[in-house]
Amino acid sequence: MITKTEDLKAVMDFVKAQPCVDASRITMIGQSMGGLVTSLVAAERADEIADVVLFYPGLMAPENLREEYPTAADLPTEPAKFLGAEVGPVFFWDSYDLDVYGTIGNYTGLVLLLHGTADKLVPVSVSEKALEVYENAELKVIEGGNHGFPPLEDGTNVREIAYNYIMEFLENR
C-alpha cells in the first residue's frame with residue numbers, strides 16, 4: 001500500500017505545481033482499491049485536499065487480508081490473487097498492519113461515499129462504517145448498484161446516477 005500511496009502523492013504534487021491548478025480546490029476521487037489509497041492519502045495530507053469522493057472504497061482490504069492470512073508469516077512471497085486482482089508481495093506486506101478506520105478519520109473535510117446495494121466485492125457496510133468514522137461525510141446508496149456501477153438489468157445507467165450525485169456534491173460544497 002505504501003507504494004500506491006506514494007504514487008498518488010507524487011501525482012498530487014505534480015498537479016498542484018501546475019500554474020492552471022487552484023491548489024485550494026483539489027478534489028480527490030478514488031474507487032475500490034483506489035478509494036482505499038485516496039482515503040489514506042487524504043488522511044495524511046488533509047490540509048491539501050478540499051474534498052473527497054469515494055466509489056465503493058476497498059477500506060476492508062487489510063482486514064480481509066488478515067482473515068485470509070492469520071499471521072504475517074503466512075503472506076504470499078509471490079504475486080497472488082486478492083480481492084479479484086493479482087497483487088505482488090509488497091502489497092501484502094505494506095497492507096497487513098494498516099488500521100484503516102483508525103487512520104482515515106484524520107481527514108475532516110467533506111467526503112461523498114457512493115455505493116451500490118448489490119456490490120458483493122465491497123459490501124455497502126464498508127461505506128456505512130466509513131460514514132461513522134468521517135466527520136463530514138455523506139453516503140449515497142444506489143439501489144441495485146454493483147461494483148463498477150454497470151447498468152442495471154432494467155437499463156438504468158448507474159454511472160449517470162453517480163455522476164449526478166458528484167455534480168450535486170461539488171456544486172454545494
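**Close-up views of a predicted model**

**View 1. A nonpolar patch on helix H1.** Phe14 has its place in helix H1, which covers residues 2-16. This is a predicted model, and this first view looks at one side chain and its partners. Is Phe14 buried or exposed? Its relative accessibility is 55%, so Phe14 counts as exposed; the cut-off for that label is over 50%. Phe14 has company out there: together with Val11 and Val15 it makes up a nonpolar surface patch, and the three share about 280 Å² of accessible area.

**View 2. Glu44 and Lys9, a salt bridge between two helices.** Glu44 pairs with Lys9 in a salt bridge, with 2.7 Å between the closest N and O atoms. Glu44 sits in helix H2 and Lys9 in helix H1, so this pair ties together parts of the chain that are 35 residues apart in sequence. The two ends are labelled quite unlike each other by accessibility: Glu44 is exposed at 53% relative accessible area, whereas Lys9 counts as buried at 9%.

**View 3. Glu48, Lys16 and their charged network.** Glu48 and Lys16 meet through their side chains in a salt bridge, 2.5 Å from N to O. Here too the pair links distant parts of the chain, with Glu48 in the loop between H2 and E2 and Lys16 in helix H1, 32 residues apart. Glu48 counts as buried, since its relative accessibility is 19% and the cut-off is under 20%. Lys16, at 26%, counts as partly exposed. Which residues belong to the network of salt bridges around this pair? The linked residues are Asp13, Lys16, Arg45 and Glu48. For the overall tally, the model has 7 salt bridges. Another pairing to look up is Glu138 with Lys140, whose side chains meet at 3.3 Å, N to O; Glu138 is partly exposed at 33% relative accessibility.

**View 4. Ala46 next to Tyr107.** Ala46 is in the loop between H2 and E2. How many residues lie between Ala46 and Tyr107 in sequence terms, and what is their C-alpha distance? They are 61 residues apart along the chain, yet their C-alpha atoms are 5.1 Å apart in space. Leaving out residues up to four places away in sequence, Ala46 touches Asn106 and Tyr107. With a relative accessible area of 25%, Ala46 is partly exposed.

**View 5. The largest nonpolar core, seen around Val52.** The largest nonpolar core holds 34 residues, and Val52, Leu59, Phe92 and Ile104 have the most contacts inside it. Quite a few elements supply at least two residues each: helices H2 (33-44), H3 (61-68), H4 (89-95), H5 (100-104) and H6 (124-133), along with strands E2 (51-55), E3 (80-82) and E5 (110-116). Which element gives the largest share? That is H2, with 5 residues. A second, separate core has 11 residues, including Leu112, Leu114, Ile166 and Phe169. Back at Val52, its touching partners beyond four places in sequence are Met28, Thr38, Ala42, Tyr107, Leu110, Val111, Leu112 and Phe169.

**View 6. Asp51, a buried acid in strand E2.** Asp51 has its place in strand E2. How accessible is it, buried or exposed? Asp51 is buried, because its relative accessible area is 1%. The Asp51 side chain has a polar contact with the side chain of Thr27, at 2.4 Å. Setting aside neighbours within four places in sequence, the contacts of Asp51 are Ile26, Thr27, Met28, Tyr107, Leu110, Phe169, Leu170 and Arg173.

**View 7. Two positive phi angles, at Tyr56 and Phe149.** Most residues other than glycine have a negative phi. Tyr56 goes the other way: its phi is near 30°, a positive value in a residue that is not glycine. Tyr56 is found in the loop between E2 and H3, and at 2% relative accessibility Tyr56 counts as buried. Phe149 also has a positive phi, about 55°, although Phe149 is not a glycine. Where is Phe149? Phe149 lies in the loop between strand E6 (136-142) and helix H7 (158-171). Its relative accessibility is 2%, so Phe149 counts as buried.

Methods:
Residues are numbered from 1 along each chain as its sequence is written. This is a predicted model: local features need pLDDT of at least 70, side-chain atom pairs count only at pLDDT 80 or more; totals for chains, interfaces and linings use all residues. Side-chain values use heavy atoms; hydrogens and water are left out. A nonpolar core is a set of buried Ala, Val, Leu, Ile, Met, Phe, Trp, Tyr and Cys residues joined through side-chain atoms within 4.5 Å. Buried means under 20% relative accessible area, exposed over 50%, partly exposed in between (1.4 Å probe, protein chains only). Helices (H or I, at least four residues) and strands (E, at least two) are DSSP runs, numbered from the N terminus. Contact means heavy atoms within 4.5 Å. Patches are made of residues with over 30% relative accessible area and no salt bridge: like charges are joined within 9 Å, nonpolar side chains (Val, Leu, Ile, Met, Phe, Trp, Tyr) within 5 Å. Accessible areas come from the Shrake-Rupley method with a 1.4 Å probe; for residues, only the protein chains shown count as cover. A salt bridge is a side-chain nitrogen of Lys or Arg within 4 Å of a carboxyl oxygen of Asp or Glu. A polar contact is a pair of N or O atoms within 3.5 Å; within protein, one must be able to donate a hydrogen and the other to accept it, and residues adjacent in sequence count only if both atoms are side-chain atoms.
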